[in-house]
Each structure stands twice: as C-alpha cells, then as structure tokens.
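Let's walk through this structure together, one region at a time. Have the viewer open and follow along.

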Amino acid sequence: MTAALNHLHLFVPEIFVASMICIILLVDAYVPKAINALTHQLSQATVIGAALLTLLNQPTETTLLLHNTFVSDSLSVTLKMAMYVLMFGVFVYSRSYLQQRGLLKGEYYVLALCALLGMMVLASAAHFLSLYMGLELMALSIYALVALNRDSAQSSEAAMKYFILGALASGLLLYGISMIYGATGTLELKAVSDVIAEGKAESKLLLLGITFIMVGLAFKLGVVPFHMWVPDIYQGSPTAITLLIASVPKIAGFAMLMRLLVDGMSGLHSTWGDMLIILAVLSMALGNIVAIAQTNIKRMLAYSTISHMGFLSLGMLVGTNEGYAAALFYTLVYALMSLGGFGMIILLSRSGFEAENIEDFKGLNKRSPWYAFMMLILMLSMAGVPPMLGFWAKLAVISQIVNAHMYVLAVMAVLFSVIGMYYYLRIIKYMYFDAPAENSPEIEANTDMRWTLSLNALAVLGLGLFPHTLLQLCQNSL
Amino acid sequence: MTSLVFYIFATILIFAAIRVVTVKNPVHASLFLVLAFFTSAGIWLLLEAEFLAITLVLVYVGAVMVLFLFVIMMLDIDHKTLREGFGRYFAIGSFVAVVVLLELYMVFKAKGSDLATTTAKAMAEDVPNTVALGKVLYTDYLYPFELAAMLLLVAMVAAITLTMRPRRSNKYQEPSKQVEVKASDRLKVLKMPAEKAE
C-alpha cells in the first residue's frame, strides 16, 4: 500500500484540477447567475493553481507511480505547463464571444477543464489504459463542446461527425492496443518497450498492432488520409470552441505520439517511422494546396493545421532525441500561433457577426493598425518567415531531417512551405492593401483580451528573436 | 469437449454477427446482436472469466440492448432510406474490405508467425475470477478506475448540457402564488358614466 502512495505529490496537479471541476460544478449551480464571472475566475484560478502545483512538484528523475500507470518526468512537466498557458489564453479569448451568443454557461468551463484533465492524463500516461482513459476524457468533453451551440444545425452536424469519426478512431486504437497486448503480454508502456527490445514479442502481431495504433493516432492528429473531419469541425464549431480544439489538444496529440511511439514502441521505429513519412508528405501536400482554395478563414486554418501536423510528424520520424525535441518545439510554437490566429478571428467577430471569411480582414490596417500588425506577426510566423518563431520551428525540424540524411523529405518540406506561404500572405495583402468594407465598426474587446492577444502575438515575435531559450527548454525535456 | 463447446459458440457468434449487418429489419438486427452477446458471454465462461460473462449479459443484454430496442421501435425508421446509396458505396467499400483482408492474410500467413508465443500473467488459481478482478481493480488499476469515474461525470454533464432546456414549455400552477393573489390583480373595476337609453 505504501509503495503505491510514494511520490504522490507528483500527482497533486491532477487531483487539484479534478477537485476544482467538482467545486465549479457546484458553485455554478448554486451561486446566483448575477455573479457568473465567478465561474470564469474560478476556472482561471484552477489553471493557475495547477501550474503552480506542477512547478512546485517537479520530479528529480523519471518517476513511475500509482502501480506504473502514471509517469512524471520533465517532458510531462513541460507539456502540462504549455497546456496551462494555452488554456488560460483560451478562457480569456472565449469569454466575451460566448457571452454575446448566450453560450457562456458553467458547463463550458467544466467541460473545458475536463478536457484539460484528460490532456494532463495523456501527458503523464505510462500505461495503455490510462492513456486511453485520458484520450476519451479529452475527446468526450470536446465532442460536447462542439455541440454547445445546440440550436445551430452546423454545430450539431460538426459534433455528430466528430463523434462518429472519433469513436471509430478510438475503436481502431483499442484494436491495435489489444494486439500489442497479445504480442507482449503487458499493458505497461515501459514493459512493452522492454519486451520489444528483448525481441521476445510476436513480430507479425506487433506489426498489425502498430498499424492500427498509427491509424488511430493519425485520426486524432488529423493528418492525411485521416483528415476529413478537421475542416468541417473547425468550420462548424463556434469560433471559441475551434480556438480550444486548435490549440491545447495539439500538445496532447504530441504527448500521445511520444508516449505511444517513443516510450512504448521505440523498438519498432523502423516501422512507424516509414508510416509517418507517408502521412507527413501527404499532409503537407494536401494541407497547403487545398488551403489556397478556401474563402472561409476557419476552413483555411484547418487545412493549415493539417499541413502543420504533417510537419510535426517529420520531426518525430527522425527517431532521435534531437528530432523529438524539434517536434516538441514545433508543437509548442504551432499551438501558440494557432491560439493567436483564432483569437484574432474572435476579436473581429461581434454579436450577430462572425468574422469567418477572409474578406472580413480587408483593410484591417485602416480600422486598427495595431491588431493588423499583430495578425501580420502571426501570419508571417505561420508561413515561416524569419525572424518569427515559426521560422525557427520549421528550421529546427528541417535541420533534423537533413542530419538524418533524408534530403528528399527536406526539399519537400521546404517546397510545400513555400506553397503554403501564398495563403498566409494573402491575408496580409487583404489587411494592408485593400479598402475596408463599408459599415465595418470599431473593434471592441475587453481589456484582458486586448492585452492577452497583444502579448500572444508579441511572444511569437519576441521568442522568435531569442529562439534558443524555448529550444533549450524542449531539448532539456527529453 | 471444451473445444467442441468453443466451436459451437464461435460458429453461432460469427453467424449472429454477420446477420446483424445483413438482416433488413433493424429490430431483428438488434436481436441478433443480443444473440452475439450471449454467445460471447459463453466463450468468456469457457475462459473462466465468469464475472465478465455475467456483466456482459446483465449490462449489455439486460440494459443497453433493451434501451436500444426501445429507441429503434420508437423511431419510425424508413428501411428504404437506410438502404439508399448502397450500390454507390458497395464498390468502394468492398474494395477497401478486400485490401484490408489481403493485408491481414499476408501478415498472418507470413513465415515465423506463431500466435501462441506469449501468454499473459497467469491468473491466481485459488480465488474465483470475481475476487481476483476486485483485487486488481482497486489496487493496480486504481488510477484508470478513478479516471473512469471522471469520464462518467463528463458524460453526465455533457448529456445535461446538450438536452436540458431551462425555459419551460409546460404550463403548470404555482399554488403559493395562487394563494397570494388579490382581487385587484385579476379584476379591474372601471368607472363609467351610465348611459341613458334613447
């Protein structure tokens, strides 16, 4: 019994978030609606509190606890901290948007925090079961959030698609896990890795298992050819929910890749590495080319996500610690840019109006030079123009591929990035060289939203000027 | 003897599973699903996993499938629209199925394939399966078990969020307000000059 409770302080952030979810649920039900800002503040406090607890309870070395179902290492700390920062931003950006549309209910915060808890579990998963439970906790909360605007046919359709395809992906993942279990006789990721390293496992069954797991993972990440759901979900959800889907779960997706492929099955790198090559090249090609044809900015950013996820897979497939560090760096940078990008869409939306089309950005420079500049930073960063952060992320990944002597892949990555530049630069052209549409009003936003959004975009610029701090952090995490 | 029972159960299971997807009437399909659950429970009994077998029958057959049947019977399902587009999707669907089958065949037929090389941890001989399950559920698997509790909480919150409408559409009386009502709330006395008949 005592052995199970050793090092339990490393598990405190999860306990804290779970308890706060229950408290917020009760507070929201019993406190009068007149002070509904309380739920918002409590949620923010939860995120900040969890961040403090995570920082205070850092592991000195990789520690397994709770009967080897939970791992705490420097990677889990980094991933969780990134999740807290992004979640904080999501809450700030979403508030007024949801309020104007009558969607700001306590359930939004509860479900978002449940998704956060699921992602924290994913980041610390050391067992196939805890990994799967974390994944489902995250996914179920997000399905419900997509359908939050239940009177909108578009949202309901998106939620239905997401739910069915997500359930299918979970089924495939479980099928793969069951085969790995059959081949190795254990569900603990570390033990699976040991059995594979000793060469005791049934190789054919392992091969089949890893194939199904890769399909499940590809579905969850949204890489081609398992990407069909991404544009519809991004477009169909309320923008505040798209903001959530497009930022924090990307970190969780990376966590899942690391835990499953690297912690559990690094011995099979030659197999999953080849699969990732196909997924990465297809994603970069399709994502970047199809994005050009989009007129809806949410849909365009969805295709841009697909291409970025392909880029992330490039870092993973190298199979070295430096490669994983580059992929982690890329994930963090992408999540930050994505948060800012969707934050800008929310900023331009107002009650009764969704800034969904690229045309809505026309003449933003005349209406608000400061936010046009912020969007300029974000778009240049997504396109990968120096000195923005996005450039360093792309550079880190490509240099790892070159180090691994995969020159064709490196050339393709650069080529598709150049194609991708077109649609990012088009937004900049709309903002700076086109006249604003008639009757476009002043931009209104809360003070906290203005500050956070500016900080978000300036962080992309500032960290881009000094990229080594973040890159160093990523390398130390592995 | 055990293998004979296994093959009987397995044959019925496969037959039932195929009928679930091929039968036209959805009510029949769900009844075949019940049959499939029953036979797989039988196979689990052969594996001495009696707790899981009983749970499968109680939960899936007893609760889930009955609800499912209710839903199917309550919804007016048009069989024609269900089968619409069958011809369109049949070609691509069967193509994908054949490719996947071929791949599976190639994996399993490849040399050096022997499925019985690894065995999971042997179960304790002296305790019944249910006791053994209970022992690991609250010790080794405490963390996933607690997470399952969170998952159920999410399911509950999500279901209420998506279905509960705070505005009331049903009309009902509130007795406390009825008692407090005053004549002036209901009746308005207007002073009018009397009119004379012409």
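Chain B is a good place to start: it has 9 helices and 0 strands, where helices (H or I, at least four residues) and strands (E, at least two) are DSSP runs numbered from the N terminus. Along the sequence, the pattern of chain B therefore reads α-α-α-α-α-α-α-α-α.

Before going further, a word on conventions. This is a predicted model, in which local features need pLDDT of at least 70 and side-chain atom pairs count only at pLDDT 80 or more, while totals for chains, interfaces and linings use all residues. Residues are numbered from 1 along each chain as its sequence is written, chains are lettered from A and ligands numbered from 1 in the order in which they are written, and side-chain values use heavy atoms, leaving out hydrogens and water.

The model scores ipTM 0.88 and pTM 0.88. Chain B averages a pLDDT (the predictor's confidence in each residue, from 0 to 100) of 82, and 88% of its residues score at least 70.

How much of chain B is buried? Of its 198 residues, 18% are buried, meaning under 20% relative accessible area, with exposed over 50% and partly exposed in between (1.4 Å probe, protein chains only). Among contacts (heavy atoms within 4.5 Å) in chain B with a separation of 6 or more, 59% join residues 24 or more positions apart.

Now look at helix α5 of chain B, residues 86-109, where B:Val99 sits. B:Val99 counts as partly exposed because its relative accessibility is 31%. Together with B:Tyr89, B:Ile92, B:Phe95, B:Val96 and B:Val100, B:Val99 forms a nonpolar patch on the surface, with about 560 Å² of accessible area in total.

Turning inward, the largest nonpolar core has 202 residues, and A:Leu260, A:Met265 and A:Leu314 touch the most other members. Such a core is a set of buried Ala, Val, Leu, Ile, Met, Phe, Trp, Tyr and Cys residues joined through side-chain atoms within 4.5 Å. Its largest share, 19 residues, comes from helix α14 (residues 321-348) of chain A. Leaving aside residues up to four places away in sequence, the neighbors that A:Met265 touches include A:Ile180, A:Val192, A:Leu260 and A:Trp272.

Finally, visit A:Asp434, in the loop between α18 (407-433) and α19 (447-465) of chain A. Is this residue buried or exposed? A:Asp434 is buried, because its relative accessible area is 16%.

Conventions. Patch = residues over 30% accessible without salt bridge, like charges linked within 9 Å, V, L, I, M, F, W, Y side chains within 5 Å. Areas by Shrake-Rupley, 256 points an atom, 1.4 Å probe, with all protein chains shown as cover. Salt bridge = Lys/Arg side-chain N within 4 Å of Asp/Glu carboxyl O.
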